[in-house]
Every structure is written in structure tokens, then in C-alpha cells.
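Visitor: I'm new to this and keep hearing labels with no reasons behind them. Could you show me the model and then let me ask about them?

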Amino acid sequence: MKTQKAKKGKKIGHGFGSSVSISAVGVLLMLFLPWMVYQKGAGVAWIAIGAFVGVLLIWQLLSYRLMRFSLQQEGTITLPGFFSRRYHEKYPVIRILFALIIASVFLLAAMALLKGMGDYGEILFGIRPEITKGILLLISLILLVTLGPERLRPVDRWIAFLTLGALIAVNFAVFRYLSGEGVLKNIFHSWASGSVSVYVDVEYLSGERIGVSEHISMLSYGLLILGSPLVLQRLQQGENGKTVHTSRRWGIIFSLLSLFLAIFAGGMFRAALYPAQIDSPGEFIRQIAKEVPSSGIVFYSSCILFLVAGGLIFYDILHSCLQQATLILKNDLFGEVRRISSGTKKKKKNTEFIRRDISRELSAVICCLIAGSGAFLAGDAIYRVLLETLIISACGLAPVTILSLYSGRMNLPGMIAGFFGGAFFAAFWELVPVFQTGESTLKELVGFHGTLPGMAFGFLVAWIVTLLTPKPASDVVKDFEAVKYRYVTDEGA
């Protein structure tokens, strides 16, 4: 029996590490990071370094304990469910509140990704954005209705392998067809002309030396992963200790290789096209086409592979956001409505009505409709809104998640105060002018965004409120201690 369970766990968990790693760094890998390095220079590599530090921390600090807590709490696979059961909440107020907040983050991310992929299709292939958005939504809806998350996990691993292959192929093709000699010549020319700061030196960004505040800002982008609801919920869905151990090793290796290759690809394009400074993706593609001879079939094939892998990564994250929002809607919102309704006088009638409403199909339809409506109506400002939302929500989630997993003294008031304290302080840092007569925010005055200040403030508020309020009940501490020192085996024990 033990062998059968171990095999089953290994089969279900296939692709788990790839899934988490693509969710953690996928947006940086294809298009964004190479394009940013091409535009701004090698100094952008600090963002990748920060992202890799975030990946290391989340696997080391959170992966095992989130999995153990989730298995202990009857297979809880959403963050609202984790917080509610971690503190033995009697009424589902916190569960419903966090479900609304986190589901909104997922749906906002899905809207931005849908709009981005619509623009992506129009720039590259001339397809109307509305058609691309409609097709992607329909595909996701069909997958959400017909397949569960376990059946799609193996696909993540193949997307990860395709990503690495595409990055290797593009780097080779650029060096081969845009002339390796030309790349070296351009680098040496930049040295001779005194413009090395613009094209080579990692201590520069767009020709300006990077200061301490810029280093902190770019490195702290990686810490957003610690509060990413998509990554945290993926970690909750590990089946056993062996799955997490293997997945952590694969996830770290994948992140390291892919981030390095993405930076290298951007640097190769920058050196190969020197001294051109191109601001438009369309003009960038046309310039490359001029440089490559018509016989460079390998180069064009590599670029197509790169674009396909990028599209798959973006779609994988889009589908994951819709999938996790569907889980929250089904388990934490409609599920609690069903549980409350089952205790009313009209128990049978209400339960039957709610049972029909909490189906996976209805939850998936609602999430797709909300994301689709937002994507069709949103303008370019949605990308800025998404970034600010991710910073604010991460500054609230990261402190309380870490403290909930590592401190038995942590209680429900401290968790609530820490979340809203970190989120509000990050919002104040990013958005609110600090002087009545001026328009400068703390972000603009200090020079880096609110990730580190927000998380630090969230930790501080959570711990102070915890110490000033009564200790958690004995059964809460008992459950925490049971998970803290127990290693979950392949049986999930």
C-alpha cells in the first residue's frame, strides 16, 4: 500500500516544480527581461538577481511548511482557507474577506495578461486583439470545466523545457547569424568611443551609474514572490515531502538557467545591433530582419520558437490565475455560503440550490466573464494598476504568511493587523504625496518602491499587535506544533 501511495503522489505531483517556477519568474523570462536589457543595458540584471533571491527564499522558507499545514488542514489548497483554519476561525468572516481580496488580485492579473496577449498578437501577427482575447478565454474556460489542476501540471514541465531550449537557440542564432565577430567588434568599439557605460558595464542603467536606491529597488522586486498569491497557492498544492524536495531542486535550477539566458539574450541583441537604440518592438523586429540574410532559416526558426515559448508562458500564467481564482470562488466563497445555508430552517431547499451554484463549471464561467470584461474594457493603465496591486498585496501577504508558518505565538488579530498594515503602508509609500504643497511620494523622494518598507512595516505591526493581544488558544498552538516538527511522508502523514 505504501508503494502505491508513493507512486500516486509522484504521478500527481509531476511538473509541480516547473509550475511554481514559471509562476515565479515567467513574466520576466520571455520578452520582458531580454527587451529590458536591450533597451536599458546590463544594469537590469539586478532585477533578475533579485528574482532569483526571491525564488531561493520562497522554496527554502515556505514550501515545506505550506504543504504540511495544507495537508494537516484537510487538504486546504487556497490561502483564505489556510488563514481561516490556521487560526481556527469560528465564523468565515476572514476567509470570505481574504477570498475577495486574493481572487481580485488573480482576476486583475488575468485581465492584464489577456490585454497583453491581445497586443502581442496584433504586433507580431496582425491579429485583432479582440479575436486573440476571445480565443484565449474560450480555451481557458474549456480547460477549467473539463480538466482539474492535477491533469495540467505535466504541461508546465514541457513548457519549462521549451523555454530553456528557446533561450539557448536564440542566443546561439544571434551569435551565429548577427555575426559573433560583429558582436565583439561592437563591444570593443563601445569601449574605444567611451560609451561602454551604455552598452556593457553592469553598474550602469541607460548610461547613468546605478545608485544605492536603484540597487535596492531592483533587488527588492524579487521579494514580491514571497507574497505572490499565485506562487503561495501553488506551493500549498504539493502532495508529499518527496514531491516538494524534488520540485525545489528543479525550480531553483530552472530559475537560475532561464534568468541568466534571458539576460544574455538581451545583451547579445544589444551588442549585435549597436549603435541602434530602438524603442518599439515592431521596429526592433524589422531591424533584426534587415540584419539577417534570407538564408538564415535557423535564426528565424529560433526566433519563432522563442516567441512561441513566450506566448505559452504568458498563457500558462493567465490560465493559472483563472484556475486559482476559480478554486477560491468554489471553495472559499460559494463553499462557505453552502455551509452557512445548510444550517438554516429551510435546510434541504437551500442546500440543493447552493450545491448547484458552487459547481466548478459555474465558478469558472464567472471568473472568465469578469476577467474577459476587464480585458476588453481596460486601457494601458491596467499594467501600472496591476504592478501597484501586486506590490501592495505582497507587502501584506508575505509578513503574515511567514509569521503564521514560523510563530506559534502569532494570533488572528496580529495576522489581520499585519496584512492591512503592510498593504496600507506600501500603498502610502507608492501613491500618497507626503507634503500637502507637493506631489512627490516617498517612492519618488527615496528612489525605490515600497516592497521592503511595506513588508518590514507589516512584520512590525503583526508582531506588536500579537504581543498586545491574548495568546492563541491551546488547540491552535497544538496544531502549529504538530506541523512544525513533523515531516510529511509520501502517505501525507
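Visitor: Which residue forms a salt bridge with E130, and how far apart are the closest N and O atoms?

Guide: That's R128, and the closest N and O atoms are 3.8 Å apart. A salt bridge needs a side-chain nitrogen of Lys or Arg within 4 Å of a carboxyl oxygen of Asp or Glu, so 3.8 Å makes it. One thing to keep in mind: this is a predicted model, where local features need pLDDT of at least 70, side-chain atom pairs count only at pLDDT 80 or more, and totals for chains, interfaces and linings use all residues. Residues are numbered from 1 along each chain as its sequence is written, and side-chain values use heavy atoms, with hydrogens and water left out.

Visitor: Why is R128 called exposed?

Guide: Its relative accessible area is 55%. Exposed means over 50%, buried means under 20%, and partly exposed is in between (1.4 Å probe, protein chains only). So R128 passes the exposed mark, while E130, at 39%, counts as partly exposed.

Visitor: What makes R95 and D332 a salt bridge?

Guide: Their closest N and O atoms are 2.6 Å apart, so the pair fits the 4 Å rule. R95 lies in helix 5 and D332 in helix 14, so the pair ties together parts that are 237 residues apart in sequence. Helices here are DSSP runs (H or I, at least four residues), numbered from the N terminus.

Visitor: How do you know whether R95 and D332 are buried or exposed?

Guide: Look at the percentages: R95 has a relative accessible area of 9% and D332 has 0%. Both values fall under 20%, so both residues are buried.

Visitor: What links E430 and K443?

Guide: Their side chains meet in a salt bridge, 3.4 Å from N to O. E430 sits in helix 18 and K443 in helix 19 (residues 442-446), 13 residues apart. E430 is buried at 3%, whereas K443 is partly exposed at 25%. Together with R384 and E388, they are linked in a network of salt bridges.

Visitor: Why does S302 count as buried?

Guide: S302 has 6% relative accessibility, which is under 20%, so buried is the right word. This residue is found in helix 14 (residues 297-341). Not counting residues up to four places away in sequence, S302 touches A169, V170 and A173, where contact means heavy atoms within 4.5 Å.

Terms used. Helices (H or I, at least four residues) and strands (E, at least two) are DSSP runs, numbered from the N terminus.
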